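Trainee: Could you take me through one part of this model in detail? I'd like to look closely at a single helix and what follows it, and then see how the rest fits around that.

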Amino acid sequence: MHILITGGAGFIGSHVVRHFLTTYPSYTITNLDSLTYAGNLANLHDVEHLPNYRFVKGDITDGDFLMQLFEEQRFDGVIHLAAESHVDRSITNPTAFVVTNVLGTVNLLNAANAAWNSDFQGKRFYHISTDEVYGSLGKEGMFTEETPYDPHSPYSASKASSDHFVRAWHDTFGLPVVISNCSNNYGSFQFPEKLIPLFINNIIQSKPLPVYGKGENIRDWLWVVDHAQAIDVIYHQGKTGETYNIGGHNEWSNIDLIRLLCRIMDAKLGRAAGESEKLVTYVTDRAGHDLRYAIDSSKLQRELGWIPSITFEKGLELTVEWYLSNSEWLNNVTSGSYQHYYDEMYGLR
Ligand code: NAD
Ligand code: TYD
């Protein structure tokens, strides 16, 4: 079995690569990543020596390159995570999201379809998506797999679009696709532009914590290791053509989450209770800020038996501990030095 994982140097991708390499030593895993600001090979330092691991630096927006890669290597499966992933960046530079998330996904569909050439026995194209495609909820209700798409940000619109293309390649060409839509992830190796690692970093440095609006927006949070486990289950047992929602049954308003994070940080840093919360600074709300996401993942539980393994309180504590004991990783990422170091090491420049 040879699986191509795209975006494997990113946050979730690195956990998926690690999970597959260590759980399935007989599989060959090729990690294809263009190493944008969000890609960091240090995220895979502990597994990059494994004999079943390959890294290819390449860009999914380059259709010819992908065609050639699929000609050279015989992939049995694709797990597609490469994307521009940050909502705030999609507001300042929407076009990059269209190019990578939409065109990049279509290029990958074309390459897989051409290489497999209607011989789909044992093949699988797994597209990783987000709950944000469903839009925003009011106080009640949850997203199910049947919820109509209603994206609001350029990020979620680009992911929604890519989901439609993946389904179109299934319906038109018979490509054996499966899609999952997951809620907000947290855990180790997350780039400190997203809420939890940004706030951990700012608390360490006693910098302000910029809370958008009133902090009332609600997200459902899932530990990234549990997402990787769900991806394994869906890759191996999910039904072709189906969609699975993945979530933590774990809704938090931003401000409640931030207060919990501040309490954990005070305890771990030996600071007086209430010290970190003083850093909370309310700032102008994000444009088009979705109020609430909540995901109903009962289909995944019922049909494939997956449930999250740990509570949010435990997962958040583990995450804080990881960032505190990996200050070198955090410093390299915030300074940008990681990009040069790994490029030189791999002879990429
Ligand atoms: P990330 O930004 O941490 O990583 C993205 C990776 O993709 C990086 O390694 C980057 O270098 C690579 N990449 C970007 N453009 C590329 C291109 N043109 N060619 C090749 N590689 C490219 O993202 P993440 O948070 O790990 O998210 C991974 C996937 O999961 C995305 O598809 C995202 O939409 C989805 N998702 C994320 C979350 C979340 O909470 N982070 C939740 C649900 C779904
Ligand atoms: P984020 O981690 O960017 O994920 P997403 O927008 O994909 O849900 O943001 C999570 C929530 O935290 C979201 O409601 C926006 C809010 N937020 C802040 O209040 N301040 C910040 O500095 C960031 C990055 C996010």
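Mentor: Gly-336, just after α11, takes a positive phi of about 85 degrees. Keep in mind that this is a predicted model. Now step back into the helix itself. α11 runs over residues 327-335, and Trp-329, Leu-330 and Val-333 are buried there. Those three sit on the same side of α11, because they cover an arc of only 95 degrees around the axis. The spacing rule behind that is the usual one: an α-helix has 3.6 residues a turn, so residues three or four places apart point the same way. Turn to the face of α11 directed away from the buried side, and you'll find Glu-328 and Ser-335, both exposed.

From there, on to the nonpolar interior. In soluble globular proteins, nonpolar side chains tend to be buried together. Here the largest nonpolar core has 34 residues, and Phe-20, Ile-79, Tyr-126 and Ile-246 have the most contacts inside it. Quite a few elements each supply at least two residues of this core, including the strands β1 (2-6), β5 (124-130) and β10 (243-246) and the helices α1 (11-23) and α9 (298-304). The largest share, six residues, comes from α7. There's also a second, separate core, with 33 residues, and Phe-199, Ile-200, Ile-258 and Val-280 are among them.

Next, ligand 2. It is surrounded by 17 residues, the closest being Glu-132, Pro-210, Arg-219, Arg-286 and His-289. By type, that shell splits into seven nonpolar, five polar and five charged residues. Helix α6 (195-204) and strand β8 (209-212) each supply at least two residues of the shell. For the polar pairs, start with Pro-210: one of its backbone N or O atoms lies 2.7 Å from a nitrogen atom of ligand 2. Leu-195 also uses its backbone, with an N or O atom 2.9 Å from an oxygen atom of the ligand. With Asn-184 it's the side chain, where an N or O atom is 2.9 Å from an oxygen atom of ligand 2. On its own, ligand 2 has 500 Å² of accessible area, and the protein covers 96% of that.

One last stop, in a loop. Thr-36 lies between β2 (28-33) and β3. Thr-36 counts as partly exposed because its relative accessibility is 30%. Its C-alpha atom is 9.7 Å from that of Ala-83, although the two residues are 47 residues apart along the chain.

Key:
Residues are numbered from 1 along each chain as its sequence is written. Chains are lettered from A and ligands numbered from 1 in the order in which they are written. This is a predicted model: local features need pLDDT of at least 70, side-chain atom pairs count only at pLDDT 80 or more; totals for chains, interfaces and linings use all residues. Side-chain values use heavy atoms; hydrogens and water are left out. A residue is near a molecule or strand if one of its heavy atoms lies within 4 Å of it. A polar contact is a pair of N or O atoms within 3.5 Å; within protein, one must be able to donate a hydrogen and the other to accept it, and residues adjacent in sequence count only if both atoms are side-chain atoms. Accessible areas come from the Shrake-Rupley method with a 1.4 Å probe; for residues, only the protein chains shown count as cover. Helices (H or I, at least four residues) and strands (E, at least two) are DSSP runs, numbered from the N terminus. Ala, Val, Leu, Ile, Met, Phe, Trp, Tyr, Cys and Pro count as nonpolar, Asp, Glu, Lys and Arg as charged, and the others, Gly among them, as polar. Buried means under 20% relative accessible area, exposed over 50%, partly exposed in between (1.4 Å probe, protein chains only). The arc is that of the directions from the helix axis to the C-beta atoms. A nonpolar core is a set of buried Ala, Val, Leu, Ile, Met, Phe, Trp, Tyr and Cys residues joined through side-chain atoms within 4.5 Å.
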